[in-house]
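This report describes the architecture of a protein chain, moving from its overall composition to selected strands, rings and individual residues. The sequence and the structure are shown first.

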Amino acid sequence: MSLQMVTVGNNIALIQPGFSLMNFDGQVFFFGQKGWPKRSCPTGVFHFDIKHNHLKLKPAVFSKDSCYLPPLRYPATCTFKGNLESEKHQYIIHGGKTPNNELSDKIYIISVVCKNNKKVTFRCTEKDLVGDVPEGRYGHSIDVVYSRGKSVGVLFGGRSYIPSAQRTTEKWNSVADCLPHVFLVDFEFGCSTSYILPELQDGLSFHVSIARNDTIYILGGHSLANNIRPANLYRIRVDLPLGSPAVNCTVMPGGISVSSAILTQISNDEFVIIGGYQLENQKRMVCNIISFEDNKMEIREMETPDWTPDIKHSKTWFGSNMGNGTIFLGIPGDNKQVVSEAFYFYMLKYAEDNVNEDQKTFTNSQTSTEDPGDSTPFEDSEEFCFSAEANSFDGDDEFDTYNEDDEEDESETGYWITCCPTCDVDINTWVPFYSTELNKPAMIYCSHGDGHWVHAQCMDLAESTLIHLSEGSNKYYCNEHVQIARALQTPKRVLPLKKPPLKSLHKKGSGKIITPTKKSFLRRLFD
């Protein structure tokens with residue numbers, strides 16, 4: 001395996017622990033920035049363009065009939081083949097953390113509707129579920145299995161916040177293992193059914209999942225209740241007859257103890273596991289190759305890459321699968337240096353000769369990322385928004401507006417802010433004011449100075465006005481700055497008064513020429 005360092009040309013602060021990568025026919029796209037996108041790039045999805053070990057993030061485009069996709073960190077993602085030709089390659093996204101540190105329970109389906117040399121246009125749809133709807137969570141897995149000509153999604157594991165009745169001010173963000181239930185999700189009809197399997201005793205999070213035909217293999221993971229990473233290996237088989245589905249689980253030998261590992265597929269029957277943790281704050285430097293032959297699974301160690309000293313000495317690392325046997329890795333920067341980046345990034349490639357060229361997308365598996373339990377400082381949920389216009393992403397200049405000083409004070413960056421002297425939004429009793437808000441105050445970005453967020457309610461904006469101002473790149477000034485903004489505007493050009501020419505006046509009855517005085521001229525002008 002080859003290890004190469006990657007430089008990031010722009011918006012390096014977008015890449016934070018918990019991101020996901022999606023591979024559409026060889027093109028990789030970044031999803032899961034740490035913060036709410038701004039209007040200049042409302043999708044929060046970027047083309048992961050790497051050329052000559054240099055990375056550029058270019059905003060992606062969504063079709064007009066797409067739903068809004070919030071930036072979600074630590075979600076469960078997998079590929080899915082639909083029935084239609086246009087849906088031959090889709091991605092399923094479930095759960096994850098929003099920038100407000102809330103957990104999503106929604107399912108989104110992303111597909112490509114248009115593709116040319118310059119840009120790719122996506123369509124995103126939200127799938128409503130009925131039945132046993134899984135609660136919002138993160139660090140779990142979702143996979144698709146195929147049986148008897150039908151398909152179904154399988155969701156397992158993860159973490160969620162403790163029940164509302166147990167949440168206090170001090171323990172508001174405390175999380176716990178989800179129950180070890182297996183959910184079968186029908187993407188066509190939106191039905192979800194929960195199954196309790198006696199072999200699954202712990203709701204493992206940040207495990208590795210591999211889907212093959214009608215079977216899913218669950219490997220490793222972390223249990224918060226016991227604070228262990230058991231060396232378990234589970235095989236979950238799903239049968240889809242005409243009646244009710246049949247789900248059974250088998251405990252298999254030969255598992256490994258690992259959490260937050262990254263999985264990449266190198267051939268139809270071989271997978272590679274990279275990274276992760278084996279103990280608290282102890283990285284797992286060993287790499288494994290997983291082989292399948294005649295429904296038998298074999299896990300063996302493989303030669304490790306030539307890790308750099310920075311990677312060896314760092315306490316944490318994170319990353320995601322780029323597909324085609326390639327992994328994108330990140331480690332924290334060295335704070336001892338005078339000038340240091342927040343993170344350094346590497347690209348780990350399996351030997352190209354061993355990669356199946358027909359394998360253009362990777363398997364249905366969890367996008368494992370850094371275990372938040374191992375990296376508490378990276379779990380802060382600061383509000384991040386970049387102030388560049390959309391065309392600034394196409395330039396060659398670096399652009400980075402992330403400010404580490406904002407991390408310690410979320411009151412200046414989150415939704416729950418005091419936007420003006422007369423702000424009366426109560427964070428404890430908020431009720432949606434507009435239909436566009438869902439469960440957050442509708443906000444608009446004031447363009448004065450460096451810009452700031454204000455509540456539409458406090459600015460007395462009608463919903464139609466809010467929608468109008470939120471479209472395109474219109475500039476808006478809040479009540480406090482509107483007069484300043486007007487004073488800064490260029491005054492309209494005023495045409496000068498047309499002055500009549502000064503003419504000599506002849507006094508009747510005399511041959512004298514009299515030059516009019518200033519007073520008499522003004523009198524004649526206004527009379």
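The sections below treat the chain as a whole, then its strands, its aromatic contacts and several single residues.

## Overall composition

The model is predicted. The protein chain contains four helices and 34 strands. Of its 527 residues, 49% count as buried. The accessible surface of the protein chain comes to about 27300 Å², with carbon and sulfur atoms supplying 49% of it.

Contacts in the protein chain can also be sorted by separation in sequence. Taking those between residues at least 6 apart, 59% join residues at least 24 apart.

## The sheet β18-β19-β20-β21

Four strands form an open sheet in the order β18-β19-β20-β21, and their pairing is antiparallel. The edges are held by β18 (208-212) and β21 (246-251); each has a single partner strand, so one side of each is left without a neighbour in the sheet. With direction ignored, neighbouring strands of this sheet are turned by 20 degrees against each other on average.

Within this sheet, strand β20 (residues 233-239) pairs with β21 in the antiparallel sense through six bridges. R237 is placed opposite N248 in β21. R212 lies over the face of F292, 4.5 Å from the ring centre.

## Strands β2, β3 and β4

Strand β3 (residues 27-31) is mostly covered, with four of its five residues buried. Its antiparallel pairing with strand β2 (residues 20-24) extends over five bridges, and S20 has F31 of β3 as its bridge partner. The two strands form a hairpin with two residues between them, and D25 in the turn has a positive phi of about 50 degrees.

β3 also runs antiparallel to β4, to which three bridges join it. Here F31 stands opposite V45 in β4. F31 thus appears in both pairings, with S20 and with V45. β4 (45-51) is followed by a loop that leads to β5 (54-59) and contains N53.

## The hairpin of β28 and β29

Six of the six residues of strand β28 (residues 318-323) are buried, so the strand is largely enclosed by the rest of the structure. β28 and strand β29 (residues 326-332) run antiparallel and are joined by five bridges. The bridge partner of F318 in β29 is G330. Two residues lie between the strands of this hairpin, in which N324 takes a positive phi near 60 degrees.

## Aromatic contacts

The count of aromatic pairs comes to 23. One of them joins W307 and W317 in an edge-to-face arrangement, with 5.4 Å from centre to centre and 65 degrees between the planes. W307 lies in the loop between β27 (296-302) and α1 (309-313), and W317 in the loop between α1 and β28, so the pair ties together parts that are 10 residues apart in sequence. W307 is buried at a relative accessible area of 7%, and W317 is buried as well, at 3%.

One aromatic cluster is made up of F19, F30, F46, F48, F318, F328, F343 and F345. A charged side chain is also found over a ring at Y138: K97 lies over its face, at 4.5 Å from the ring centre.

## Individual residues

C446 belongs to strand β31 (residues 443-446) and is buried, with a relative accessible area of 0%. Leaving aside residues up to four places away in sequence, C446 touches G451, H452, Y476, Y477, C478 and H481. C446 and K475 are 29 residues apart along the chain, and their C-alpha atoms are separated by 7.4 Å.

N53 and Y74 are non-glycine residues with a positive phi: the value is near 60 degrees for N53 and near 60 degrees for Y74. Y74 is located in the loop between β6 (61-62) and β7 (76-80). N53 counts as partly exposed at 27% relative accessibility, whereas Y74 counts as buried at 1%.

Methods:
Residues numbered from 1 in each chain as written. Predicted model: local features only at pLDDT ≥ 70, side-chain atom pairs only at ≥ 80, totals over all residues. Heavy atoms only, no water. Pairing = 2+ DSSP bridges. Axes fitted to C-alpha atoms, helices over the stretch in contact; angles between N-to-C directions. Buried < 20%, exposed > 50% of the residue type's maximum accessible area, 1.4 Å probe, protein only. Phe/Tyr/Trp six-rings, centres within 6.5 Å; stacked < 30°, edge-to-face > 60°. Lys NZ or Arg CZ within 6 Å of the ring centre and 35° of its normal. Contact = heavy atoms within 4.5 Å. Areas by Shrake-Rupley, 256 points an atom, 1.4 Å probe, with all protein chains shown as cover.
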